[in-house]
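This report looks at a few helices, one strand and the charged pairs of a protein model. Please keep the structure in view while reading.

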Amino acid sequence: MLETIPNSSSFSVMATDDSMSDDVFESPQEISSLHAPSNQTTGTTPSPTGYRDYKPPIELYKSIVEPEVEIAHKTILLGDSGVGKTSLLVQFNTGKFQPGNFSATVGIGFTNKVVVVDDSKIKLQIWDTAGQERFRSVTHAYYRDAHALLLLYDVSSKTSFDNIRAWLGEIKEYAQDDVVIMLLGNKADCPSSERLVRREDGERLAREYNVPFMETSAKTGLNVELAFMAVARDLKSQKCGNPDDQKFNVQDYVREQTQKGSCPPCNT
C-alpha cells in the first residue's frame with residue numbers, strides 16, 4: 001500500500017530537528033527502560049518525564065526513541081524551462097494544481113515530503129531546478145550526490161523533447177552511475193491539436209536509454225504520484241535490498257501500474 005504524509009513546511013528551508021533536551025525528560029537510560037520490567041528493588045518503573053508515575057502512550061515513547069526517517073533521498077527535477085517542473089512538484093506536494101503560470105525558477109529550491117512504501121517511511125528531498133542555460137552550471141553541482149533524477153519534457157514542445165538527449169548526456173557526465181532516472185512527458189492533458197510529441201516517441205527514447213517512462217499532467221494529477229512513488233520504491237529497494245532477492249525493476253513497476261490505471265487521456 002502506498003500513501004503520502006503531508007508536509008506542512010513545504011517550500012521552506014529544512015528545519016533543524018528538535019534536540020529533545022528539555023529538562024522535562026529524565027536520562028536516556030530511564031527513557032529506554034520505560035517499558036522494561038519494573039525495578040525489582042523498588043517495584044517501580046522510571047518515568048520518562050519529571051512527573052512521578054506518569055507513563056505516556058507507547059506511540060509517544062516510540063516517537064522519542066525511534067527516528068521516523070533515517071535519511072533524505074535527494075530527488076532532482078530536470079528539464080527545459082517551462083516544461084512544468086514546479087507545477088509537478090506543487091501537485092505532488094499539495095495534491096492541487098496552481099492555476100496560472102509560475103515565474104521561471106531562479107537558481108534552485110527544494111521541499112521535503114515523507115512517503116510510505118509498504119511499511120517503510122521514505123523521505124524525499126525534492127529539488128526544483130532552473131531550466132535556463134545560464135543556471136546550468138549551478139544545477140550541475142547538485143547532480144553528484146543525487147539519488148534520483150526526474151527528467152521532464154513538454155509534450156506540446158518539440159524543442160523540450162529534442163533537448164532530452166543533451167540532458168541525459170549531462171546526467172551521464174555529472175551524476176552517479178547508480179542514480180535512479182525517470183523520463184516524464186508532462187502536460188499530457190493538452191488538446192490533441194497542440195500535442196507535438198507522440199507518446200510512442202517518448203517510449204522509444206526511454207527504451208534507447210534504458211530508463212522508465214510515463215506521461216504526466218501536473219494539471220490533472222495524471223501519474224504524478226505514481227512517478228514519485230516509483231522512485232521512492234526503487235530507492236527503498238536499493239537501500240534495503242538483499243543480494244539474494246530479485247532486484248526491484250522500476251520500469252516493470254511503472255508499466256504494470258500505468259496499465260492498471262490506463263484511461264483514454266493517457267493514450268492520446
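## Buried parts and salt bridges

His73 touches Ile122, Lys123, Leu124, Gln125, His147, Leu235 and Lys239, leaving aside residues up to four places away in sequence. The model that shows these contacts is predicted. His73 is part of strand β2, which spans residues 72-79. Its relative accessibility is 6%, so His73 counts as buried.

Lys74 pairs with Asp145 in a salt bridge, where the closest N and O atoms are 2.8 Å apart. Lys74 belongs to strand β2 and Asp145 to the loop between α4 (136-143) and β5, so the salt bridge ties together parts that are 71 residues apart in sequence. Is each partner buried or partly exposed? Lys74 has a relative accessibility of 8% and therefore counts as buried, whereas Asp145, at 46%, counts as partly exposed.

Helix α3 covers residues 85-94, and 9 of its 10 residues are buried, so this helix is largely enclosed by the rest of the structure. The buried residues are Lys85, Thr86, Ser87, Leu88, Leu89, Val90, Gln91, Phe92 and Asn93. After α3 comes Gly95, which has a positive phi near 75 degrees.

In helix α7 (residues 199-209), the buried residues are Arg199, Asp201, Gly202, Leu205 and Ala206. They span an arc of only 160 degrees around the axis, and therefore lie on the same side of α7. The elements that cover the buried residues of α7 include β5 (148-154), α5 (158-162), α6 (164-174), β6 (180-186) and β7 (213-215). Asn210, just after α7, has a positive phi of about 55 degrees.

The structure holds 10 salt bridges. Three of them, including the one described above, are listed here with the N to O distance.

| Salt bridge | N to O distance |
|---|---|
| Lys74 and Asp145 | 2.8 Å |
| Asp201 and Arg198 | 3.0 Å |
| Glu203 and Arg199 | 3.2 Å |

Asp201 has a relative accessibility of 17%; a residue under 20% counts as buried, so Asp201 is buried. Its partner Arg198 is partly exposed, with a relative accessible area of 46%.

Glu203 and Arg199 are 4 residues apart in helix α7, so about one helical turn separates them. Glu203 is partly exposed at 28% relative accessible area, while Arg199 counts as buried at 14% relative accessibility. Which residues are linked with Arg199 in a network of salt bridges? The network joins Arg195, Arg199, Glu203 and Glu215.

Conventions: Residues are numbered from 1 along each chain as its sequence is written. This is a predicted model: local features need pLDDT of at least 70, side-chain atom pairs count only at pLDDT 80 or more; totals for chains, interfaces and linings use all residues. Side-chain values use heavy atoms; hydrogens and water are left out. Buried means under 20% relative accessible area, exposed over 50%, partly exposed in between (1.4 Å probe, protein chains only). Helices (H or I, at least four residues) and strands (E, at least two) are DSSP runs, numbered from the N terminus. Contact means heavy atoms within 4.5 Å. The arc is that of the directions from the helix axis to the C-beta atoms. A salt bridge is a side-chain nitrogen of Lys or Arg within 4 Å of a carboxyl oxygen of Asp or Glu.
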